Amino acid sequence: MGSNDKLVLYTNHRCPWAHRAHIALSELGIPFEEEIIDLDTPRTEAYLKVNPRGLVPSLRFNDEIITESGIVSQFLADAYPSHLLPPSNTVDGALRRARVAFFVDTFFTKFQSHLGKFVFAKTDADANAGVEAAVAGLVKEVEPLLKDAKPFFGGAEKLTLAEVLTGSFAIRIVSFLKAGLYPASLGEAISTKAPNFDKWVHEVAKHPSVTSIYQEDVVVKFTKARLASNRAS
Ligand SMILES: N[C@@H](CCC(=O)N[C@@H](CS)C(=O)NCC(=O)O)C(=O)O
């Protein structure tokens with residue numbers, strides 16, 4: 001794509017989905033403007049015209065609007081071929097897309113979706129069941145896919161689209177364990193039963209493109225408050 005392209009990212013730095021677009025833009029080194037959307041108040045009419053769902057992120061690319069974090073990230077990786085993903089019209093590019101898509105799908109359906117239940121659970125029993133299911137999915141399904149990760153997906157030297165799409169969740173796992181938000185048993189299970197993931201998650205969590213907009217204290221405080229209110233209700 002051309003150097004005259006104008007990109008505006010509608011975002012909020014607290015949001016793990018919007019964080020995906022920031023990781024992609026940082027890795028691609030594309031200049032962009034940022035418009036912060038306040039998620040604590042109703043969306044403005046102007047923003048609802050950009051994204052009628054009222055969610056972040058959205059991307060304005062010249063006169064076009066693209067919404068949904070996975071679609072925004074894939075668009076950026078396709079529009080600006082790079083180390084994140086080779087061009088799609090090559091066998092290598094098509095295969096990488098298949099491998100990345102399978103990893104990201106496995107990460108979310110077998111692992112992260114169970115971990116997500118921890119924060120939203122109303123009882124300790126449900127929360128612990130979520131962590132147990134997450135560990136089972138991690139060990140059986142995610143860990144084998146990171147076998148050659150040295151340190152990034154598929155043995156890459158730099159972040160790939162796989163880390164663009166999962167990195168914001170990886171950094172939260174490390175933060176939430178450190179802050180005692182997730183139980184220590186999760187950290188122990190990761191280090192003893194999923195060594196490939198253990199290495200990968202810590203590499204990803206310290207990468208500058210992943211840390212750049214991440215405000216750990218804000219996210220941890222917000223998540224602690226959410227967890228407490230879910231348990232109280
Ligand atoms: N599937 C969407 C999810 C985006 C999403 O849930 N964003 C949240 C913030 S993390 C949001 O905008 N929420 C609006 C609200 O809470 O009113 C995506 O991947 O872009």
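Trainee: What does E68 count as at 34% relative accessibility?

Mentor: E68 counts as partly exposed at that 34%, because the partly exposed class runs between the buried cut-off of under 20% and the exposed one of over 50%. Keep in mind that this is a predicted model.

Trainee: Got it. Which residue does E68 form a salt bridge with?

Mentor: General idea first: side chains of opposite charge can pair when their charged atoms come close. Here the partner is R53, with the closest N and O atoms 3.2 Å apart. The two residues come from distant parts of the chain, 15 residues apart. R53 sits in the loop between α2 (45–50) and β3 (58–61), while E68 is in the loop between β4 (64–67) and α3 (69–79). R53 itself is exposed, at 61% relative accessible area.

Trainee: How many salt bridges does the structure hold?

Mentor: Eight. One of them joins E216 to K178, at 3.1 Å from N to O. Again, distant parts of the chain are linked: E216 belongs to helix α10 (residues 216–232) and K178 to helix α6, 38 residues apart. E216 is partly exposed, at 28% relative accessibility, whereas K178 reaches 62% and counts as exposed. In another bridge, the side chains of K140 and E141 meet at 3.4 Å, N to O. K140 is exposed at 61% relative accessible area, and E141 is partly exposed at 26%.

Trainee: On to rings. How many aromatic pairs does the count come to?

Mentor: A pair of aromatic rings is described by the distance of the centres and the angle of the planes. By the rule used here, the count comes to 15 aromatic pairs. Take F107 and F108: their ring centres are 5.1 Å apart and the planes make 75°, so this pair is edge-to-face. F107 and F108 are both buried.

Trainee: What about F197 and W200: how far apart are their ring centres, and at what angle are the planes?

Mentor: The centres of F197 and W200 are 5.6 Å apart with the planes at 40°, so that pair is tilted. Both residues lie in helix α8, three residues apart, about one turn of the helix. F197 is buried at 0% relative accessible area, and W200 is buried at 1%.

Trainee: Which residues do the ring pairs link into a cluster?

Mentor: W17, F103, F107, F108, F111, F153, F169, F197 and W200. So you'll find the members of both pairs we just discussed in that cluster.

Trainee: And which other residues of α8 are buried?

Mentor: Besides F197 and W200, the buried residues of α8 (195–205) are D198, V201, V204 and A205. The buried residues of this helix pack against α4 (91–120), α5 (124–142), α6 (161–178), α7 (184–193) and α9 (208–211).

Trainee: Which residues lie over the face of a ring?

Mentor: Here are two cases. R14 lies over the face of F222, 4.0 Å from the ring centre. R231 does the equivalent with F118, at 5.5 Å from the ring centre.

Trainee: Now the empty space. How much of it lies in the largest pocket?

Mentor: Rolling a probe the size of a water molecule over the atoms shows where empty space is left. In this model, the largest pocket holds about 850 Å³ of space. It is lined by 32 residues, and the closest to its centre are P16, W17, F120, F169 and R226.

Trainee: Which helix gives the most to the lining of the largest pocket?

Mentor: That's α4, with seven residues. At least two lining residues come from each of α1 (16–28), α3, α4, α6 and α10.

Trainee: Last one: which residues is A134 in contact with, leaving aside its neighbours within four places in sequence?

Mentor: K110, F111, H114 and L115. A134 lies in helix α5 and is buried, with 0% relative accessibility. For a sense of distance, take A162: A134 and A162 are 28 residues apart in sequence and 19 Å apart in space, C-alpha to C-alpha.

Key
Residues are numbered from 1 along each chain as its sequence is written. This is a predicted model: local features need pLDDT of at least 70, side-chain atom pairs count only at pLDDT 80 or more; totals for chains, interfaces and linings use all residues. Side-chain values use heavy atoms; hydrogens and water are left out. Buried means under 20% relative accessible area, exposed over 50%, partly exposed in between (1.4 Å probe, protein chains only). Helices (H or I, at least four residues) and strands (E, at least two) are DSSP runs, numbered from the N terminus. Contact means heavy atoms within 4.5 Å. A salt bridge is a side-chain nitrogen of Lys or Arg within 4 Å of a carboxyl oxygen of Asp or Glu. Rings of Phe, Tyr and Trp (its six-membered ring) pair if their centres lie within 6.5 Å; planes under 30 degrees apart count as stacked, over 60 as edge-to-face and the rest as tilted. A charge sits over a ring if NZ of Lys or CZ of Arg is within 6 Å of the ring centre and within 35 degrees of the ring normal. On a 1 Å grid over the protein atoms alone, a cavity is a set of points where a 1.4 Å probe fits but cannot get out, and a pocket is an open set with protein on both sides within 12 Å along at least five of seven lines; lining residues have an atom within 4 Å of a point. Grid points are joined across faces, edges and corners, and a volume is the space filled by probe spheres set on the points.
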